[in-house]
Protein chains: 2
Amino acid sequence: MGARAVVLLSGGLDSATTLAVARAEGYTCHALSFDYGQRHARELESARRVAQALEAVDHRVLRLDLRAIGGSALTDDIEVPKGRSAAAMAEGIPTTYVPARNTIFLGYALGWAEVLGAQDLFIGVNALDYSGYPDCRPEFIEAFERLANLATKAGVEGTSRFRVHTPLIALSKAQIVLRAWELGVDFALTWSCYEPRADGRPCGACDSCLLRAKGFAEARLVDPVAAP
Amino acid sequence: MGARAVVLLSGGLDSATTLAVARAEGYTCHALSFDYGQRHARELESARRVAQALEAVDHRVLRLDLRAIGGSALTDDIEVPKGRSAAAMAEGIPTTYVPARNTIFLGYALGWAEVLGAQDLFIGVNALDYSGYPDCRPEFIEAFERLANLATKAGVEGTSRFRVHTPLIALSKAQIVLRAWELGVDFALTWSCYEPRADGRPCGACDSCLLRAKGFAEARLVDPVAAP
């Protein structure tokens with residue numbers, strides 16, 4: 001068995017691909033998901049299936065109280081934007097931004113890694129096609145990595161040198177789709193939509209659905225979870 | 001009303017003093033506590049009473065799943081060390097260290113601050129009398145401050161410049177006791193013990209009780225919550 005890694009797994013296409021990459025690189029993967037009151041709790045069921053299919057040795061779902069803080073369309077009664085153009089998405093930070101989310105998620109991943117004796121964290125952030133979230137940029141990741149080595153017993157005692165791996169950070173959505181396909185990710189198990197329809201299918205209009213559709217179209221592959 | 005600040009409040013002497021400092025500096029204080037499965041959940045009741053006494057305008061207690069990660073005497077079935085000398089405490093990192101705790105706590109404080117439009121965070125860490133925790137040191141705090149300004153919408157858009165205030169970081173426990181006394185903190189409302197006795201009184205032997213007792217002794221004040 002390879003070195004242990006903690007992989008953040010939302011159940012979406014990007015995090016599933018990230019888990020597949022970590023596994024292909026030989027890591028023994030411990031997957032971590034969060035139930036934070038998100039509208040699209042459907043993604044947690046996908047996370048469970050993806051973790052199993054990609055042979056994570058452990059998968060934990062932590063319940064978080066992000067709703068108690070509020071401030072996001074993903075957790076509050078703020079409207080999820082629909083039907084936006086790529087140009088509109090590229091402008092500014094969307095309301096689906098959850099304040100400090102990746103700081104909190106990586107904080108938990110770091111804590112678990114320390115307990116496991118792991119020094120590798122994987123997160124499927126992507127700065128290219130969707131640069132709207134500040135905590136998906138390389139400078140954020142570098143700052144977190146620096147923090148991680150100051151924050152922990154393992155970092156301070158020098159028994160671990162934490163690294164945050166972001167294998168998708170410079171890929172387009174089409175490149176992510178192709179990478180997933182090469183690695184044998186079962187697309188049907190993944191879930192991207194922020195606000196599923198009443199019949200349980202993706203809305204096809206939120207930023208996440210639109211980016212996924214664009215990625216599959218450009219990669220010339222068919223998405224089994226496409227909106228009707 | 002002054003600028004808003006988010007103050008991490010455990011219910012112990014240090015965080016109560018920190019809240020008193022923030023208030024004395026004119027901030028409108030939003031207090032934040034965490035119910036993370038700690039042995040000494042008794043401190044949360046103290047946090048409520050301290051927040052009220054020191055006129056925080058809001059006090060939220062978030063439930064966290066730190067037990068799901070484990071790795072600490074404060075959340076697991078690991079023994080809390082008792083009766084240690086100051087020299088023993090100064091050596092290495094104690095088992096009461098909770099992996100990545102302050103990274104996670106400050107992550108939530110940052111998220112809440114962003115939602116509130118606040119840019120000031122207060123945390124009662126102390127590097128002098130109890131330097132055993134890596135995430136209580138100035139270099140950790142500086143790294144978090146840097147991260148905060150990269151992690152957030154407010155930081156990236158330049159509408160906020162987050163600061164992490166650590167008014168106690170260079171004080172001895174005796175100096176903290178005196179500062180609290182000057183600011184009118186009601187010592188009787190605070191709680192420090194890691195592992196309360198069955199009769200509800202402090203154990204008097206854990207690191208936290210011993211440090212508190214030393215602080216009061218050196219400050220020549222009487223602790224109303226002293227162990228029997």
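Select helix α1 and helix α7 of chain B: Leu13(B), Asp14(B), Ala16(B), Thr17(B) and Ala20(B) of α1(B) meet Ile176(B), Arg179(B) and Ala180(B) of α7(B). By class, the residues of this contact comprise 5 nonpolar, 1 polar and 2 charged. The model on display is a predicted one.

**The two helices of the opening view**

Keep both helices selected and turn to their geometry. Two packed helices are described by the angle between their axes and the distance between the axes. The axes of α1(B), residues 13–24, and α7(B), residues 173–182, come within 9 Å and cross at roughly 45°. That angle makes α1(B) oblique to α7(B). The crossing in which α1(B) passes α7(B) is left-handed.

**From α7 to α8 in chain B**

Next, hold α7(B) in view and add helix α8 of chain B, residues 207–219. Here the axes come within 7 Å and cross at roughly 70°. With that angle, α7(B) is roughly perpendicular to α8(B). The crossing of this pair is right-handed.

To see the contact itself, select Lys173(B), Ala174(B), Ile176(B), Val177(B) and Leu178(B) on α7(B). On α8(B), the residues to select are Leu211(B), Lys214(B), Gly215(B), Phe216(B), Glu218(B) and Ala219(B). The contact of α7(B) with α8(B) has 7 nonpolar, 1 polar and 3 charged residues. Ile176(B) is among the residues of α7(B) that meet α1(B), and Ile176(B) is also listed in the contact with α8(B).

**The sheet of chain B**

Now select the strands of chain B. In what order do the strands of the open sheet stand? The order is β3-β2-β1-β4-β5, a sheet of 5 strands with parallel pairing. At the edges are β3(B) and β5(B), the latter at residues 163–165, and each pairs on one side only. From one strand to the next, the twist averages 25°.

Within this sheet, pick out β1(B), residues 4–8, and β4(B), residues 120–122. These strands run parallel and are joined by 3 bridges. One position to label is Val7(B), whose bridge partner in β4(B) is Phe122(B).

Bring helix α1(B) back into view. It lies across β1, β2 (28–35) and β4 of chain B, and runs at about 170° to β1(B). Then add α4(B), which packs on the sheet and touches β1, β2, β3, β4 and β5 of chain B. The direction of α4(B) makes about 160° with that of β1(B).

**The sheet of chain A**

Move to chain A and select its strands. Chain A has an open sheet of 5 strands in the order β3-β2-β1-β4-β5, with parallel pairing. The edges are taken by β3 (58–63) and β5 (163–165) of chain A; each has a single partner strand, so one side of each is left without a neighbour in the sheet. Direction ignored, neighbouring strands of this sheet are turned by 25° against each other on average.

Select β1(A), residues 4–8, together with β2(A), residues 28–35: the two pair in the parallel sense over 5 bridges. Val6(A) stands opposite His30(A) in β2(A). Helix α1(A), residues 13–24, packs on the sheet and touches β1, β2 and β4 (120–122) of chain A. The direction of α1(A) makes about 170° with that of β1(A).

**Where the chains meet**

Show both chains together. How many residues does the contact take from chain B and from chain A? It takes 36 residues from chain B and 36 residues from chain A. On the side of chain B that touches chain A, the elements giving two or more residues are β3 (58–63), α4 (101–116), α5 (138–151) and α6 (153–156). Among these elements, α4(B) gives the most, with 10 residues. By class, this side of chain B has 20 nonpolar, 8 polar and 8 charged residues.

Select α4(A), residues 101–116, with α4(B): the two helices pack at an angle of about 170°, and their axes are 8 Å apart. At that angle, α4(A) is roughly antiparallel to α4(B). Their contact is made by Thr103(A), Ile104(A), Gly107(A), Tyr108(A), Leu110(A) and Gly111(A) on one side and by Thr103(B), Ile104(B), Gly107(B), Tyr108(B), Leu110(B) and Gly111(B) on the other. These residues divide into 6 nonpolar, 6 polar and no charged.

**The two copies compared**

Finally, superpose the chains. A turn of 180° and a shift of 0.0 Å along the axis lay chain B on chain A with an RMSD of 0.0 Å. The two copies are thus related as by a two-fold rotation axis. The same surface serves both copies, and 100% of the contact residues of chain B recur in chain A.

Definitions and conventions. Residues numbered from 1 in each chain as written. Chains lettered and ligands numbered in written order. Predicted model: local features only at pLDDT ≥ 70, side-chain atom pairs only at ≥ 80, totals over all residues. Contact = placed C-beta atoms within 7 Å. Helix = DSSP H or I, 4+ residues; strand = E, 2+ residues; numbered from the N terminus. Nonpolar A, V, L, I, M, F, W, Y, C, P; charged D, E, K, R; others polar. Axes fitted to C-alpha atoms, helices over the stretch in contact; angles between N-to-C directions. Parallel < 35°, antiparallel > 145°, perpendicular 65-115°, else oblique. Left-handed = near helix turned anticlockwise from the far one by under 90°. Pairing = 2+ DSSP bridges. Least-squares fit on C-alpha atoms with pLDDT ≥ 70 in both.
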